[in-house]
Amino acid sequence: MPHILLLGGARSGKSTLALEIAARSGAPVTMIATAEPLDPEMAERIAHHRAQRPSGWTTIEEPVALLEAVQAAPARSLLIIDCLTLWVSNLVGQGQHDPAIVAAAGRAATTLAARPGGAIVVSNEVGLGIIPVNPVARGYRDTLGRVNAAFAALADRTALVVAGRLHELTSATEFMEGITWHAR
């Protein structure tokens, strides 16, 4: 089974697409949810996401120990990780910094890539907007960008989801292989 990374903005349709891909796979599915109900609005969002999942799927709610959650999931199940955005936010909230977070992401991505059951990883692309005004927000944006890149480097397929539409992304190597230079 492939390892897929779905990137996009808030409410772009990436989580819905992850659920659809998993449902169509026919495989047993384990969902790793990273959100925490820290306020009423987030609790409502979590309830909405839970209601969208088929009842036969297994859910592991793990806001911080992503690698351990991946390792605890049955090897032959298709994993959905939703989402890296909140996972990074949770780690930053615990006082962790960029090098440790990116290293943890690399370990989790490596473990996912080796799983026979495959994975669908969801994350926000937060680097397309304005430059944040404060250092904490800029640091978060930069760290999440590096985490997304670590997962993309090991994914079989990576796509950007915008307004419910998918645009598959290629690696720099694949892109450059398609370029032919002609002397003028």
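**Helix 4 and its surroundings**

Gly95 follows helix 4 and has a positive phi, near 90°. The model is a predicted one, and helix 4, which spans residues 84–93, is a convenient place to start reading it.

Consider first what comes ahead of the helix. Cys83 sits in the loop between strand 4 and helix 4. The peptide bond that leads from Asp82 to Cys83 is cis, and its omega is near 10°.

Within helix 4, the buried residues are Leu84, Thr85, Trp87, Val88, Asn90 and Leu91. An α-helix has 3.6 residues a turn, so residues three or four places apart point the same way. The cover over the buried residues of helix 4 includes strand 1, helix 3, strand 4, helix 5, strand 5 and helix 6. Two of these elements, helix 5 and helix 6, can be taken in turn.

Helix 4 packs against helix 5 at an angle of about 140°, and the two axes are 10 Å apart. The pair is therefore oblique, and the crossing of helix 4 and helix 5 is right-handed. On the helix 4 side, the contact is made by Trp87, Val88, Leu91 and Val92; on the helix 5 side, by Ile101, Ala104 and Ala105. Sorted by kind, the residues of this contact of helix 4 with helix 5 are 7 nonpolar, no polar and no charged.

Helix 6 covers residues 135–154, and helix 4 packs with it at an angle of about 130°, again with the axes 10 Å apart. That angle makes helix 4 oblique to helix 6. The crossing of helix 4 and helix 6 is right-handed. Here Leu84, Thr85, Trp87, Val88, Ser89 and Val92 of helix 4 meet Tyr140, Thr143, Leu144, Val147, Asn148 and Phe151 of helix 6. The contact of helix 4 with helix 6 comprises 8 nonpolar and 4 polar residues, and no charged ones.

Helix 5 and helix 6 also meet each other. Their axes come within 9 Å and cross at roughly 20°. Helix 5 and helix 6 are therefore roughly parallel to each other, since angles under 35 degrees count as such. Helix 5 passes helix 6 in a right-handed crossing. Helix 5 brings Asp98, Ile101, Val102, Ala105, Ala108, Ala109, Thr110, Leu112 and Ala113 to the contact, and helix 6 brings Asp142, Thr143, Arg146, Val147, Ala150, Phe151 and Leu154. This contact of helix 5 with helix 6 divides into 11 nonpolar, 2 polar and 3 charged residues.

The next topic is the nonpolar interior. In soluble globular proteins, nonpolar side chains tend to be buried together. The largest nonpolar core in this model has 26 residues, and the members that touch the most others are Leu66, Ile81, Leu84, Trp87, Leu112, Val147 and Phe151. At least two residues of this core come from each of strand 1 (3–8), helix 3 (66–72), strand 4 (78–82), helix 4, helix 5 (98–113), strand 5 (119–124) and helix 6. Helix 5 provides the largest share, 6 residues.

Trp87 of helix 4 shows how such a residue is placed. Apart from its neighbours within four places in sequence, Trp87 is in contact with Thr34, Pro63, Val64, Leu66, Ile101, Ala104, Ala105 and Val147. Separate from the largest core is another core, of 15 residues, including Leu6, Met31, Trp57 and Ile80.

Away from these helices, Thr158 lies in strand 6, residues 157–162. Is Thr158 buried or exposed? With a relative accessibility of 10%, Thr158 counts as buried. Setting aside neighbours within four places in sequence, Thr158 is in contact with Leu5, Leu7, Ala152, His167, Glu168 and Leu169.

Some residues in loops can be set beside this strand residue. Ala163 lies in the loop between strand 6 and strand 7 (165–169). Its phi is near 50°, a positive value in a residue other than glycine. Ala163 is exposed, at a relative accessible area of 70%. Arg11 is found in the loop between strand 1 and helix 1 (14–25). Phi of Arg11 is also positive, near 60°, in a residue that is not glycine. Arg11 has a relative accessible area of 63% and is exposed.

The walk ends at His182, in the segment after helix 7 (172–177). At 64% relative accessibility, His182 counts as exposed. From C-alpha to C-alpha, His182 and Ala10 are 42 Å apart in space, and they are 172 residues apart in sequence.

Methods
Residues numbered from 1 in each chain as written. Predicted model: local features only at pLDDT ≥ 70, side-chain atom pairs only at ≥ 80, totals over all residues. Heavy atoms only, no water. Axes fitted to C-alpha atoms, helices over the stretch in contact; angles between N-to-C directions. Helix = DSSP H or I, 4+ residues; strand = E, 2+ residues; numbered from the N terminus. Parallel < 35°, antiparallel > 145°, perpendicular 65-115°, else oblique. Left-handed = near helix turned anticlockwise from the far one by under 90°. Contact = heavy atoms within 4.5 Å. Nonpolar A, V, L, I, M, F, W, Y, C, P; charged D, E, K, R; others polar. Buried < 20%, exposed > 50% of the residue type's maximum accessible area, 1.4 Å probe, protein only. Core = buried A, V, L, I, M, F, W, Y, C linked by side-chain atoms within 4.5 Å.
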